[in-house]
Amino acid sequence: MATSHLTIDAEFQTVKLAVLGAPGVGKTSIIRQFVCSQYSDEYLSTDKKQVFCPSVIINEHLYELKIIDCPYIPYFPVNSLYEWTDFRGYGLRNATAYLLVYDITSEDSFQYIKNLRDQILESRDMHDVPIFVVGNKHDQSEERGMPRREVINLVKKQWKCGYIECSAKFNWHIILLFKELMKTLDYIDYGHKPTAVRVQNALRRNRCLIL
Ligand SMILES: Nc1nc2c(ncn2[C@@H]2O[C@H](COP(=O)(O)OP(=O)(O)OP(=O)(O)O)[C@@H](O)[C@H]2O)c(=O)[nH]1
Ligand SMILES: [Mg+2]
């Protein structure tokens with residue numbers, strides 16, 4: 001019995017999702033809204049990397065997410081030496097996918113993820129590694145910086161990345177954001193087969209979000 005349990009666990013697809021962006025754009029708020037349905041207006045800057053591990057089901061396939069809430073990094077670690085010298089960026093180079101978050105009211109925060117994306121592309125093989133750009137704080141869209149059309153043109157048409165606007169504050173498009181990302185990953189990861197046992201196991205063992 002114990003052996004079969006281990007076999008099932010080993011079959012889980014693990015997804016390492018790095019959430020990056022300038023300070024204060026709402027990375028932690030987005031993750032906490034998704035994983036714990038919690039939100040606070042109080043700003044507590046993330047000074048140490050935190051990992052959240054929800055399980056999700058998409059298209060009847062089970063995934064275990066490792067969502068990395070990263071503290072501010074001045075640049076993406078271009079090689080393993082940089083990863084070791086600045087520990088804040090450790091483990092980011094082998095992520096399965098990246099969420100690059102900016103605040104739609106701050107052009108600087110968009111410039112930050114633009115630079116970060118360039119650095120990511122220079123640093124590693126990005127074949128089958130999706131990048132999603134997330135414009136947070138949609139509830140403040142009357143103070144929008146860059147026009148939405150300009151961002152979409154760049155992100156979707158030129159970069160060929162997913163783009164979603166959301167509001168962590170009002171829990172608007174948060175599920176949709178993770179759903180779109182997981183749909184992309186599920187499409188890439190066609191090699192595994194769904195089983196009812198895997199699903200039941202995940203529901204039993206920890207928090208499981210059905211998208
Ligand atoms: N109006 C509005 N405020 C938000 C939203 N999301 C987050 N905030 C606020 O923005 C501030 C920063 O949010 P965080 O989630 O801590 O931002 P962060 O990107 O994790 O910041 P660092 O950890 O410092 O990098 C907090 O005061 C949040 O309450 C949103 O969708 N709308
Ligand atoms: Mg944070």
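**Figure 1. The hairpin of strand 3 and strand 4, in a predicted model.** Strand 3 and strand 4 form a hairpin in which two residues lie between the strands, and Asn59 in the turn has a positive phi of about 50°. Strand 3 covers residues 55–58 and runs antiparallel to strand 4, to which four bridges join it. Within this pairing, Ile58 has His61 of strand 4 as its bridge partner. Most residues other than glycine have a negative phi, and the positive value at Asn59 in the turn can be read against that background.

**Figure 2. Further partners of strand 4, namely strand 1 and strand 2.** Strand 1 (residues 13–21) runs parallel to strand 4 (residues 61–69), and seven bridges join the two. Thr14 is bridged here to Glu64 in strand 4. Strand 2 (residues 50–52), by contrast, pairs with strand 4 in the antiparallel sense, over three bridges, and Gln50 stands opposite Asp69 in strand 4. In a regular strand the side chains alternate between the two faces of the sheet.

**Figure 3. Helix 2 and the elements that cover it.** Seven of the ten residues of helix 2 are buried, so this helix is largely enclosed by the rest of the structure. The buried residues are Lys27, Thr28, Ser29, Ile30, Ile31, Gln33 and Phe34, a list in which Lys27 stands beside residues such as Ile30 and Phe34. Their cover includes strand 1, strand 2, strand 4, strand 5 (97–103), strand 6 (131–136) and helix 6. An α-helix has 3.6 residues a turn, so residues three or four places apart point the same way.

**Figure 4. The surroundings of ligand 1.** There are 21 residues around ligand 1, and Gly26, Thr28, Ser29, Ser45 and Thr46 come nearest. Helix 2 (residues 27–36) gives the largest share of this shell, with three residues. Sorted by class, the shell has eleven polar, five nonpolar and five charged residues. Thr28 and Ser29, which are among the residues that come nearest to ligand 1, are also among the buried residues of helix 2.

**Figure 5. Two loop residues with positive phi, Ser37 and Asn171.** Ser37 follows helix 2 and lies in the loop between helix 2 and strand 2. Its phi is near 55°, a positive value in a residue other than glycine, and Ser37 counts as exposed because it has 10 C-beta neighbours inside 10 Å. Asn171 is placed in the loop between strand 7 and helix 6 (174–188), and its phi, near 50°, is likewise positive. Asn171 is partly exposed, because 15 other C-beta atoms lie within 10 Å.

**Figure 6. Ile164 and its contacts.** Ile164 has its place in strand 7 (residues 162–165) and is buried, because 20 other C-beta atoms lie within 10 Å. When neighbours within four places in sequence are left aside, Ile164 is in contact with Phe132, Val134, His173, Leu176, Leu177 and Glu180. Ile164 and Val133 are 31 residues apart in sequence, yet their C-alpha atoms are 6.6 Å apart in space.

**Figure 7. The largest nonpolar core.** This core has 44 residues, of which Leu17, Ala18, Val19, Tyr98, Leu100 and Val134 touch the most other members. The elements that give it two or more residues are strand 1, helix 2, strand 3, strand 4, strand 5, helix 4 (107–123), strand 6 and helix 6. Ala18, apart from residues up to four places away in sequence, touches Ile68, Cys70, Leu92, Ala95 and Tyr98. Val134, one of the core residues that touch the most other members, is also in contact with Ile164.

**Figure 8. The whole chain and the confidence of the prediction.** The protein has 211 residues, of which 32% count as buried, and its secondary structure comes to seven helices and eight strands. Of the contacts with a separation of 6 or more, 71% are between residues 24 or more positions apart. The mean pLDDT of the protein is 87, and 84% of its residues reach 70 or more. Over residues 1–10 pLDDT stays under 50, and the model has three contacts beyond four places in sequence for this stretch. Where pLDDT is low, the predicted coordinates should not be read in detail.

Technical notes. Residues are numbered from 1 along each chain as its sequence is written. Chains are lettered from A and ligands numbered from 1 in the order in which they are written. This is a predicted model: local features need pLDDT of at least 70, side-chain atom pairs count only at pLDDT 80 or more; totals for chains, interfaces and linings use all residues. A residue is near a molecule or strand if its C-beta atom, placed from the backbone, lies within 6 Å of it. Ala, Val, Leu, Ile, Met, Phe, Trp, Tyr, Cys and Pro count as nonpolar, Asp, Glu, Lys and Arg as charged, and the others, Gly among them, as polar. A residue is buried if 20 or more other C-beta atoms lie within 10 Å of its own, exposed if 12 or fewer, and partly exposed in between; C-beta atoms are placed from the backbone. Two residues are in contact if their C-beta atoms, placed from the backbone, lie within 7 Å. Two strands pair if DSSP finds at least two bridges between them. A nonpolar core is a set of buried Ala, Val, Leu, Ile, Met, Phe, Trp, Tyr and Cys residues joined through C-beta atoms within 7 Å. pLDDT is the predictor's confidence in each residue, from 0 to 100.
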